[in-house]
Amino acid sequence: MRNSNIIKLFVLIVLVSIANSQGYLQPPQWWNERVEAGNLLSISNGEQEPTNYLMTNVGNGYVAFVIGGELIYVGGVYNGPAINLGNANHLPSHRAGIPNFQNIEISNAQFQYAGLDIENATYTRVYSIPSSPSTIVKQVFYAHQKIRNILVQEIEIDNSQSSSDVTLQLEVVGINLTANVDFNILNLTSSQFTGNDYQLYNLTIKVPEVNFMTSVAVTTTTVPQSITIKGGEKKKHHYITSFLTNIETKDYIEGSLDIYKTSYLLADLLMKSHLDEWKKIWISGIEVGGDSHLQQVVNSSLYYLFSSIRDDWSYGISPGGLASDGYNGHSFWDTETWMLPPILLLNPKVVRDCLLQYRINNLPGAHEKALSYKSNNYTGYMFPWESAFTGIEVCPTFAPTGILEQHITADIALAMRQYYYLTGDLDWLIDYGYKALKGIAEFWASRVEYDQLTQQYSINTIIPPDEYAVGVNNSVYTNVAVKMTFEWVIEAATLVNDTENIPLEHWSSIANGLVILFDETNQWHPEYQGYNGETIKQADVVLLGFPLMYNMSKDVRKNDLIYYEAVTTNSGPAMTYSMHTVAWLELESLENATKQWFRSYNNCNNSPFLVWTETPTGGAVNFATGMGGFLQGLMFGYGGLRIHEGNLDFYPQLPEGTTSLKIRSMNYVGSTFNVGWNQSTITFEMLTFNPSVYLILLSTEYDNIVLNTLTPIYLTSGNKFKIYFNNN
């Protein structure tokens, strides 16, 4: 890894030398400092922007697009039927692509350098003008974080060092309003506002998922063919596109126009309010010392995740994020198992109001799916393997996963447990979560099969996380997740005082009587009934240790890990290696963890903007699932963090090549704190306090210290410690 970095540095030095000889404009010093700090990803010195496949994006959780791409996506806006019978001309429900009115090219400018400012959530291109060498043009793209319904582009021309006028030639590329696959597009008006032309469109999807015809009103600045700046002047032009859907209001057309006009009047203030909102997001984060590349991967992964979700728009997150139609923009188990945990530690509000609320909003669809298995008499809430706008199953019918991959229903329940354990949010559990949990338990109670002979419960004919295994019985991962689901629902019923209204004894019997496969002779867990060493697609049994935290000895944990590492395909998704990293760190084998750790984020190194691919050779882009797994490797692996009922456990360690790590402004039961560590010292520092509870730190060095001051507490590195709470 170090040799690879030395080679990259040598190549960069050579490129800079060549670039300087060819007269490329160099980024300023502040730009390079932000790159080194991990806050900016840059291309310069003659490098060209990557193809759309590996290009970066801007987004705000409501609207997003790939820079240079031809389509914009709004969260929750899908086109196509829920049921797809495999006809290529009969597309399934998928993200509906809006023409990218922000895709402006400056045809007579020469590209010099560009960068994704991760901290500020902007993408900037810098150009020179061949006919006027002293003129500099900056083109800045962003999805406004505070005003969710607008995209903004600023084109700033600095012609102050020239005495001659300069004209820029502009073109919006890739726009075809008559041949759009997803929308029927009606141009409602072309008009002027404050001396600038704009256009107003009404876009209506062509095929609904069920029966609701989603429409989007789009108001966008008319882009002129050219703009001229006088010699000695510096000027900034704003190009704004606003979106409003009939999901939000029946007056969406008038609303889109109002948002556009208001935003245009405030154009000079938009950047500041956008940056202020992102500062709030970055209050929480992860700091890496000694490895600037790893810091870039951490920051960009967090940026790509947070730019795909927001707490006032509850439409989940797909494996490719909001700027992509990868996997049709559907939500899978990826949300709860891979992406949610690291987001939860840093921003529990967006987990509650976006990710979990998406599931709660779609309980009718989950119930409909359960009832669709008519011959099985299922009931309760059976969440679809793939969901989109309505929350009903939208997995293509030619894929068996939509019928058989059912562990997602347990995954969602356990994500709700994780949220409750971290926040102690009893009001949410009473008002929202418990209803979903109770229905989930009702589904699993109708799903299990009881064997009178063995007096055990089985779950047959399913697909486990290892999707190479189709139609197997008693997946050990599925059965353990279901067992824990019943235990959690019974606990939740106690918390909300509803134990008299559930079949407590029956549910307890299922939890205690589910088949949990285990080879007593060899001390390991077979993946499913009849498993015989077949190659597996991705992490499956190793997930018993984490995130499920199923009780087992270290020897069994190690046996599972060694066995399944050897039979896992090398062409599977990236998050497998993150879970192997977590497992080896749990077993205190730093050397083995390091081998898996570098593999866990290798799939983002093919792009200068650290755009993730699903597998080493491609797959879904930009793979948010892999980002979530990677961040778990850092926080739950090298941080040794575990969320339990009533406490958090930590066992901090350092990845190879780093000098320090810090989880900044982590949330726990309404309080926030920093946890940082280096080779010698662990530093724990309270930031804010929940007056209703007080936190207590317990370690081998300190016995029950009440954390009621801002004074840091120092522990010796290598120590494990616990944070728990008591009510005031």
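**A walk through a predicted model**

Hi everyone, let me start with a residue on the surface side of things. Asp311 is partly exposed, at 34% relative accessibility; that category sits between buried, under 20% relative accessible area, and exposed, over 50%, with a 1.4 Å probe and protein chains only. Lys349 falls in the partly exposed class too, at 40%. Asp311, Lys349, Arg352, Asp353 and Asp425 make up one network, joined by salt bridges that share partners; a salt bridge here is a side-chain nitrogen of Lys or Arg within 4 Å of a carboxyl oxygen of Asp or Glu.

Some housekeeping before I go on. This is a predicted model, where local features need pLDDT of at least 70 and side-chain atom pairs count only at pLDDT 80 or more, while totals for chains, interfaces and linings use all residues. Residues are numbered from 1 along each chain as its sequence is written, and side-chain values use heavy atoms, with hydrogens and water left out.

Back to our pair. Asp311 and Lys349 meet through their side chains in a salt bridge at 3.2 Å, N to O. They connect distant parts of the chain, 38 residues apart: Asp311 is in the loop between helix 5 and helix 6, and Lys349 is in helix 7, residues 348–361. Helices and strands are DSSP runs numbered from the N terminus, with H or I over at least four residues for helices and E over at least two for strands.

In total, the structure holds 28 salt bridges. Next door in sequence, how far apart are N and O in the salt bridge between Asp312 and Arg148? The value is 3.7 Å. Asp312 sits in the loop between helix 5 (292–306) and helix 6 (334–346) and Arg148 in the loop between strand 11 (132–143) and strand 12, so this pair ties together parts that are 164 residues apart in sequence. Asp312 is partly exposed at 37%, whereas Arg148 is buried at 15%.

A further pair is Asp117 with Arg34, whose closest N and O atoms are 2.8 Å apart. This one spans 83 residues, from Arg34 in helix 2 (29–36) to Asp117 in strand 9 (110–117). Here Asp117 is buried, at 9%, and Arg34 is buried as well, at 17%.

Now to the inside. Which residues touch the most other members of the largest nonpolar core? They are Leu168, Phe243 and Phe673, in a core of 208 residues. Helix 12, residues 476–495, supplies the largest share, 12 residues. Apart from this core lies another, of 16 residues, including Val140, Tyr198, Tyr260 and Tyr264. By nonpolar core I mean a set of buried Ala, Val, Leu, Ile, Met, Phe, Trp, Tyr and Cys residues joined through side-chain atoms within 4.5 Å.

Tyr260 and Tyr264 bring us to helix 3, where they are buried along with Tyr252, Gly255, Ser256, Leu257, Ile259 and Ser263. Their cover includes strands 12, 14, 15, 16 and 18, and helix 4. Helix 3 has 14 residues and reaches 20 Å from first C-alpha to last, close to the 20 Å expected at 1.5 Å a residue; the expected span is 1.5 Å times one less than the number of residues.

Just past helix 3 (252–265), Leu266 lies in the loop before helix 4 (267–281). Leu266 is partly exposed, at 37%, and with Leu265 and Leu269 it forms a nonpolar surface patch of about 310 Å² accessible area together. Patches take residues with over 30% relative accessible area and no salt bridge, joining like charges within 9 Å and nonpolar side chains (Val, Leu, Ile, Met, Phe, Trp, Tyr) within 5 Å. Areas come from the Shrake-Rupley method with a 1.4 Å probe, and for residues only the protein chains shown count as cover.

Finally, some backbone geometry to look at. Most residues other than glycine have a negative phi, and most peptide bonds are trans. Phe546 and Pro547 are joined by a cis peptide bond, with omega about 15°. Pro547 is in the loop between helix 13 (504–513) and helix 14 (554–567). Beyond its neighbours within four places in sequence, Pro547 contacts Thr337 and Met579, contact being heavy atoms within 4.5 Å. That loop also holds Met549, a non-glycine residue with a positive phi of about 55°. A second cis bond to look at joins Val621 and Asn622, with omega about -10°.

Thanks, and I'm happy to take questions!
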